[in-house]
Amino acid sequence: QVLLVESGGGLVQPGGSLRLSCVVSGTAFSTYALGWYRQAPGKQRDLVATITSGSSARYADFVKGRFTISRDNAQKMVYLQMNNMKPEDTAVYYCQATKYGLTFWGKGTLVTVSS
């Protein structure tokens, strides 16, 4: 069983920064591909960023240059550093872990960007 728990969400002003964290339970963490997704009210869930087991990162165009995904295999953590945030970044952010076609999700953390 793989459990993912996100933290770090909250209210931030436009232009501000926030760092999301996700702890992943279970074994063989270093072999999982990890990702962050987000879902705004009334919209579909969108990919934000992914990072492979080899730490190769990929980003959605709407966050390139602003967000950074990273992982700490020793701590079984994945992070999303969000800078220069915009109101349209408001959403529930979900952590995802994938391996051998199996996908696991966290319950999400709410991020609100507003003045």
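Is W105 buried, exposed or partly exposed? W105 counts as partly exposed, at 35% relative accessibility (buried is under 20% relative accessible area, exposed is over 50%, and partly exposed lies in between, using a 1.4 Å probe and protein chains only).

A note before the views: this is a predicted model, where local features need pLDDT of at least 70, side-chain atom pairs count only at pLDDT 80 or more, and totals for chains, interfaces and linings use all residues. Residues are numbered from 1 along each chain as its sequence is written, and side-chain values use heavy atoms, with hydrogens and water left out.

**View 1. Y37, Y94 and W105 form a cluster through ring pairs.** The structure holds two aromatic pairs (rings of Phe, Tyr and Trp, the last by its six-membered ring, pair if their centres lie within 6.5 Å; planes under 30 degrees apart count as stacked, over 60 as edge-to-face and the rest as tilted). One of them is Y37 with W105, edge-to-face at 5.0 Å centre to centre and with 70° between the planes. That pair links distant parts of the chain, with Y37 in strand β4 and W105 in strand β10 (residues 102-105), 68 residues apart. Strands here are DSSP runs (E, at least two residues), numbered from the N terminus. Y37 counts as buried, at 15% relative accessibility. Y94 and W105 also pair edge-to-face, because their ring centres are 6.5 Å apart and their planes are at 85°. This contact bridges strand β9 (residues 91-99), home of Y94, and strand β10, home of W105, with the two positions 11 residues apart in numbering terms: they are 11 residues apart. Y94 counts as buried too, with 13% relative accessibility.

**View 2. Two arginines sit over tyrosine rings.** R45 lies over the face of Y94, at 3.6 Å from the ring centre. The charged end of R19 takes up a position over the ring of Y79, 3.9 Å from its centre. The criterion is that NZ of Lys or CZ of Arg is within 6 Å of the ring centre and within 35 degrees of the ring normal.

**View 3. R38, R66 and D89 are linked in a network of salt bridges.** A salt bridge here is a side-chain nitrogen of Lys or Arg within 4 Å of a carboxyl oxygen of Asp or Glu. D89 reaches R38 with the closest N and O atoms 2.9 Å apart. The two belong to distant parts of the chain: D89 is in the loop between β8 and β9, R38 is in strand β4, and they are 51 residues apart. D89 also meets R66, at 2.8 Å from N to O. R66 lies in the loop between β6 and β7 and D89 in the loop between β8 and β9, so this salt bridge ties together parts that are 23 residues apart in sequence. How accessible are these side chains? D89 is buried, with a relative accessible area of 0%, and R66 is buried at 8%. R38 is buried as well.

**View 4. D61 and K64 form a salt bridge.** The whole structure has three salt bridges, and in this one the closest N and O atoms are 3.2 Å apart. D61 is exposed, with a relative accessible area of 63%.

**View 5. Strands β4, β5 and β6 are joined by two hairpins.** Strands pair if DSSP finds at least two bridges between them. β4 (residues 33-39) and β5 (residues 45-51) pair in the antiparallel sense over six bridges, with W36 opposite A49. Five residues separate the two strands of this hairpin, and G42 in the turn has a positive phi of about 75°. On to the next hairpin: β5 and β6 (residues 57-59) run antiparallel and are joined by three bridges. A49 stands opposite Y59 in β6. Here too five residues lie between the strands, and S55 in the turn has a positive phi of about 70°.

**View 6. Four strands make an open antiparallel sheet.** The order is β1-β3-β8-β7, and the edge strands, β1 (4-7) and β7 (67-72), each pair on one side only. Neighbouring strands are turned by 15° against each other on average, direction ignored (axes are lines fitted to C-alpha atoms). β7 pairs with β8 (residues 77-82) over six bridges, in the antiparallel sense. Within that pairing, S70 stands opposite Y79 in β8.

Notes:
Axes are lines fitted to C-alpha atoms, for helices over the stretch in contact, and angles run from 0 to 180 degrees between N-to-C directions.
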